[in-house]
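Here is a brief report on how the parts of one protein model meet. Please look over the sequence and the model first.

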Amino acid sequence: MRSRATTPPIIQCEKLTKRFGSFTAVRDLDLDLEPGTVLGFLGPNGAGKSTTIRMMLGLSTPSSGTVRLFGEDPLRNRDARARVGYSPGELRLDDRLTVAATLNSWARLRGGVDISFRDSLIDRFGVQVDRHVRGLSTGNRRKLALVGALMARPELLILDEPTNGLDPLVQNEFMSALEEVTASGTSVLLSSHILSEVERIADRIIVIRAGVVVADGTTNELRRGAAQEYRAVFTGAAPDTSTFASLSGAQSVDSPQADELRVQWAGPPRELLNKLAEYELESLTAPEPDLEQAFMSYYRSDPPHVQSEGGA
Ligand SMILES: Nc1ncnc2c1ncn2[C@@H]1O[C@H](COP(=O)(O)OP(=O)(O)OP(=O)(O)O)[C@@H](O)[C@H]1O
């Protein structure tokens, strides 16, 4: 057995960059997906997730930098691509086919489909195989694509917003199916807007915004690095919000009551505490940030270590 340390990453991006004309959609992106792990790929609309995924699959040519899939250049090596189950964010299906014919055509293209596993997925997600693709709802189209991605038990799943359009029951069923395949060693790149879904399954999370990685770590590491809310209640009227908004760690300052300030703060709190010490405080509390809030702070503003270049 090869030791984990010597096994190359399943996907490796180094300084991966994609420009469309003068617009940079992905800039200097470094990313490793280790074998047998789930990497959550999070970011707001237009962050560059799909563009990155398309380069990983050899569907788009990088402007600069490199991407390796199973150690190979995905633009040159189709064998590497054949080892991936991919569910794209935007589904392009042949409307003339039935669901069954669509699955059969994908099975012929890639080979190696486990028919009984495919049928169990069809049952599990409630896919109606005799329907025409033309009349399918967004959710039913998505279910079809997910069966297609999973059915050959690929070594790597690349899932671009896989639960988009699914009702909560199917979403849950899909996440359970995903947990089962990851338990058996499948590697996954899971791009999503839904933080709870990523947290449920990801070993590591990368957050991308405006084409740049703004956070990379385990869920707990990211939670620790994200902004913390401090709630200060003053014995008299609260100072003006601008007094605190100008401090270097302040991301936002609100005054929900005349005697209270709520400060979203990134980094060590010394500067904030020094400023607060200039006032008479009734209480100071710092509630545990929920994950949703923690990630919102990554979405909203530049952490100090990120250099923003030219607004791209
Ligand atoms: N072919 C293209 N030509 C020009 N601009 C493009 C092209 N493809 C993507 N872009 C732009 O690149 C940026 C990143 O898009 P991308 O689809 O990768 O984002 P995303 O993170 O997947 O977003 P979403 O979550 O909304 O799907 C967007 O501003 C998009 O408009």
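The text below covers confidence first, then the two domains and their interface.

The model is predicted. Its mean pLDDT is 88, and 92% of the residues reach 70 or more. Residues 303-312 fall below 50 in pLDDT. That stretch still has twelve contacts in the model beyond near neighbours in sequence. Where pLDDT is low, the predicted coordinates should not be read in detail. The model scores ipTM 0.96 and pTM 0.80.

The assignment gives domain 1 (11-223) and domain 2 (226-299). Their centres, taken over C-alpha atoms, lie 39 Å apart. Domain 1 puts 14 residues into the contact, and domain 2 puts in nine.

What do the two domains bury between them? The figure for domain 1 and domain 2 is about 1,100 Å², with 66% of it on carbon and sulfur atoms. On the domain 1 side, Leu 195, Leu 222 and Arg 223 lose the most area to domain 2. Together these residues account for 54% of what that side buries.

The polar tally is short. The rule finds zero salt bridges across the interface of domain 1 and domain 2. Residue pairs in polar contact, both at pLDDT 80 or more, also number zero between domain 1 and domain 2.

These elements each give two or more residues to the side of domain 1 that touches domain 2:

| Element | Residues |
|---|---|
| Helix H7 | 195-201 |
| Strand S8 | 204-209 |
| Strand S9 | 212-217 |
| Helix H8 | 219-225 |

By class, this side of domain 1 has eight nonpolar, three polar and three charged residues.

Methods. Residues numbered from 1 in each chain as written. Predicted model: local features only at pLDDT ≥ 70, side-chain atom pairs only at ≥ 80, totals over all residues. Heavy atoms only, no water. pLDDT = per-residue confidence, 0-100. Contact = heavy atoms within 4.5 Å. Domains from an automatic or database assignment. Buried area = accessible area lost by both parts, 1.4 Å probe. Salt bridge = Lys/Arg side-chain N within 4 Å of Asp/Glu carboxyl O. Polar contact = N/O pair within 3.5 Å; in protein donor to acceptor, adjacent residues only side chain to side chain. Helix = DSSP H or I, 4+ residues; strand = E, 2+ residues; numbered from the N terminus. Nonpolar A, V, L, I, M, F, W, Y, C, P; charged D, E, K, R; others polar.
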